Amino acid sequence: MKLDEQEEKLLRSVALQNAQAVLLARERAERALLDSNERITNILESISDAFVVLDRDWRFTYVNPQAEHIVRPLHRSSADLLGTNFWEGFPDFVGTPLEKNFRRAAAEKVKVEFEIFYPPLNSWFHVRAYPGRDGLSIYFLDITTQKQAGEAVRESVERLHAMFNQAAVGISIALLDGRFVEINQKVSDILGYSIDELKQLTFFDVTHPDDLEKTRSNTSALLNGETSEFSYEKRFVAKHGAIVWTLTTVTLLKDAAGKPQFFLGVIEDVTSRKRAERASRESEERFRAIVKATPECVKVVAPDGKLLAMNAAGCVMVEAGADSDVVGQSVYDLIAPEFRQKFIEFNEDVCRGNKGHVEFQIVGLKGTRRWMETHAVPMRDPSTGQTVQLAVTRDVTARKEADEKLRRSEAELRTLANSIPQLAWMANPDGHIFWYNQGWYEYTGTTLEQMQGWGWKAVHDPNVYPRVFEKWTESIRTGTPFEMEFPLRGADGIFRWFLTRVSPFRDAQGKITRWFGTNTNIDEQRQLLRSLSEARDHLEIGVQERTAELQAANESLRALSARLLKVQDDERRRLARELHDSVGQIMAALSMNLAVVQSQAYKLDTLGARAVQENAQLLQQASTEIRTLSHLLHPPLLEIAGLVSALRWYVDGFSERSNIKVDLELPADFPRLPNDTELAIFRIVQECLTNIHRHSGSSTAAICIRQKGTRLLVEVQDNGRGIPKPKQHELMESGRGGVGFGGIRERLRQLGGTLEITSNGGGTVVSATLEVNEVNNANKDQEARTTTQ
């Protein structure tokens with residue numbers, strides 16, 4: 001239908017109005033949008049949070065000033081960031097929780113909120129991301145300061161907690177009714193309860209009954225404001241009933257308004273200190289009781305010599321009726337004049353802080369002189385603060401008198417030792433020689449200073465000394481007697497052979513107190529035997545070279561041997577007689593004198609009595625040594641009682657000296673034999689036993705003497721290590737069997753006898769066979785000898 005012009009105009013007018021209205025509305029909307037955007041921009045640029053907007057392609061579309069300020073240390077600006085892809089601009093975030101959260105917000109259209117640490121800025125950030133139609137709106141706030149403050153608070157709390165739990169003293173927090181709410185481990189250790197067990201108790205429950213009233217009174221005073229804290233020694237009862245002494249300090253913990261909330265207690269275990277104090281008191285009481293009861297003088301002397309204290313025993317020593325007679329007076333007045341200055345210097349030295357001892361004489365109040373020995377130490381006088389002398393003094397008068405008697409006795413003993421023909425000496429248990437007789441100095445031409453200790457090795461043959469030293473140190477180690485032959489150099493530089501014997505002296509407990517040694521000159525005997533051996537060797541060579549002179553040479557040699565043996569026997573008889581007649585009388589006189597000293601030994605102290613006992617042992621040893629030496633040189637029983645008695649005496653003595661058991665088998669009716677025969681048999685037995693002792697290592701020996709017709713057989717047997725075959729050949733065939741076997745052979749040869757040695761490694765048998773043609777006439781010879789005697 002065709003509209004008229006009027007309607008068309010109307011429609012145009014309405015359309016124009018509508019268009020104008022639309023345009024007006026659009027303008028108003030655009031202005032409102034611009035205003036809104038401006039307001040939003042102003043808000044975003046003024047907020048304290050950093051804010052950025054990312055589009056769907058993760059490009060920056062907006063960066064507010066606070067965000068630009070944060071990334072400025074990375075040399076980035078908003079102009080640099082706008083249009084830049086976030087992951088390309090900040091590749092550090094790829095693979096981090098931030099990427100995970102951002103992609104989750106974009107994908108799931110959910111808000112995400114989290115905290116993250118960004119190392120390049122060394123900062124913590126609180127991040128919130130909001131998804132939108134066109135991308136993400138992201139707020140992030142720097143929370144580094146808050147994080148650091150929180151960490152500091154956490155560390156502080158941990159330190160306080162550690163200090164609470166690891167404190168060296170107990171710390172507890174309790175409610176006002178006494179119930180424990182916090183207890184550290186030390187409280188648990190002190191009381192023996194676990195922490196959970198203590199939280200079920202009050203501090204009244206573990207308080208000792210005797211301290212309950214005091215505890216209640218103190219807590220009431222604290223709650224009433226009468227005191228801000230209290231500290232006292234308190235006893236607790238531990239879980240198993242033990243009483244624990246503590247030093248307990250208690251104060252209040254209040255709230256902000258000043259209202260009491262808790263008790264804070266600090267508990268220090270002082271049980272050990274209390275025990276130590278009690279032990280100290282008991283120790284002091286015991287010390288006072290000991291000082292009062294001790295038989296020795298205990299005194300305290302001031303630096304100026306004033307006597308500050310003295311026990312009852314000391315008053316008796318100085319002849320005082322009571323301590324008031326001497327305390328407060330100068331102790332110097334009690335010291336004998338000749339010792340006074342020495343004691344003054346000693347007292348001053350002790351009061352300067354040095355300890356020491358001194359011997360001196362005192363003159364008692366009644367004029368009695370006594371020898372005193374004082375041991376003193378410095379001590380602080382608590383009343384004056386000065387250093388004084390604390391001394392223990394004993395009366396040593398009896399010991400001094402005994403020492404003087406001992407000195408005289410030792411002088412007499414040394415006179416005796418100087419008179420014997422042997423060299424003699426004494427050594428400490430460790431072998432340190434401290435005395436030689438005059439014979440030693442005369443022979444060696446040395447002095448005590450040169451010989452003292454181990455200086456004696458200077459007079460030893462360097463080639464022999466190592467063996468001597470080894471054997472001597474072994475005797476010292478094992479405590480066994482020493483016996484050995486070795487050369488010693490004389491004052492003329494010549495080495496001579498000596499037989500050395502050393503025996504230990506022991507106390508009542510068997511401990512070695514010293515060694516006594518003698519050196520007997522055997523050089524002449526060795527030279528004689530050496531000459532004999534050399535002559536015999538020369539004779540054997542002569543026999544081979546001059547057959548015609550064999551018999552004459554043999555006779556000459558036998559005659560020489562006979563003369564030498566006779567000279568030897570005569571010399572032994574002479575030496576034995578001299579030892580018995582001269583030295584024996586001196587020993588007897590000295591023994592009687594020493595017996596007088598021993599009878600008074602109970603008056604001596606332990607040291608003096610031991611010294612007297614040692615002298616008696618020394619004298620007995622010397623007497624025994626001289627008597628043994630005399631009898632070994634020439635046994636008197638051989639002439640008086642015959643071979644049987646002499647052998648039994650010798651075997652008994654040998655067994656005692658060597659600890660070797662010897663069986664002696666003799667015929668019940670064994671007759672007397674001629675002198676030469678009996679002497680030869682005795683010397684054979686003597687030499688064989690000596691060799692067994694020195695070389696065989698056997699613990700037993702057997703001697704058998706029996707007669708078959710006119711032949712007499714003497715056998716000496718041992719169970720030792722035996723004699724090697726080469727040595728047996730040397731002893732039997734070559735004639736170089738040493739001094740001992742050489743003498744045996746010569747004696748047997750003179751008597752028409754023979755010598756045989758048999759050894760298989762399990763022992764040795766020495767057999768001597770000799771002709772006895774005048775056995776029946778021996779009794780008549782003995783009767784003649786007895787009559788003559």
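Leu712 is in contact (heavy atoms within 4.5 Å) with Phe670, Leu673, Ile681, Ile705, Arg706, Gln707, Ala768, Thr769, Leu770 and Val772, leaving aside residues up to four places away in sequence. The model is predicted, with pLDDT of at least 70 needed for local features and 80 or more for side-chain atom pairs, while totals for chains, interfaces and linings use all residues. Residues are numbered from 1 along each chain as its sequence is written, and side-chain values use heavy atoms, without hydrogens and water.

Leu712 belongs to the largest nonpolar core, which has 36 residues; together with Val662, Leu689, Ile703 and Ile705, Leu712 touches the most other members. Such a core is a set of buried Ala, Val, Leu, Ile, Met, Phe, Trp, Tyr and Cys residues joined through side-chain atoms within 4.5 Å, where buried means under 20% relative accessible area (1.4 Å probe, protein chains only). Among the elements that each supply at least two residues are helix H22 (675-696) and strand S23 (711-718). Another core lies apart from this one and has 28 residues, including Phe60, Val71, Leu81 and Leu136.

Val71 also appears at the largest cavity: it lies nearest the centre along with Phe86, Phe90, Phe93 and Phe140, in a lining of 20 residues. A cavity is a set of points on a 1 Å grid over the protein atoms alone where a 1.4 Å probe fits but cannot get out, and lining residues have an atom within 4 Å of a point. The lining has 20 nonpolar residues, and no polar or charged ones; nonpolar here covers Ala, Val, Leu, Ile, Met, Phe, Trp, Tyr, Cys and Pro, charged covers Asp, Glu, Lys and Arg, and the others, Gly among them, are polar.

Note on methods: On a 1 Å grid over the protein atoms alone, a cavity is a set of points where a 1.4 Å probe fits but cannot get out, and a pocket is an open set with protein on both sides within 12 Å along at least five of seven lines; lining residues have an atom within 4 Å of a point. Buried means under 20% relative accessible area, exposed over 50%, partly exposed in between (1.4 Å probe, protein chains only). Helices (H or I, at least four residues) and strands (E, at least two) are DSSP runs, numbered from the N terminus.
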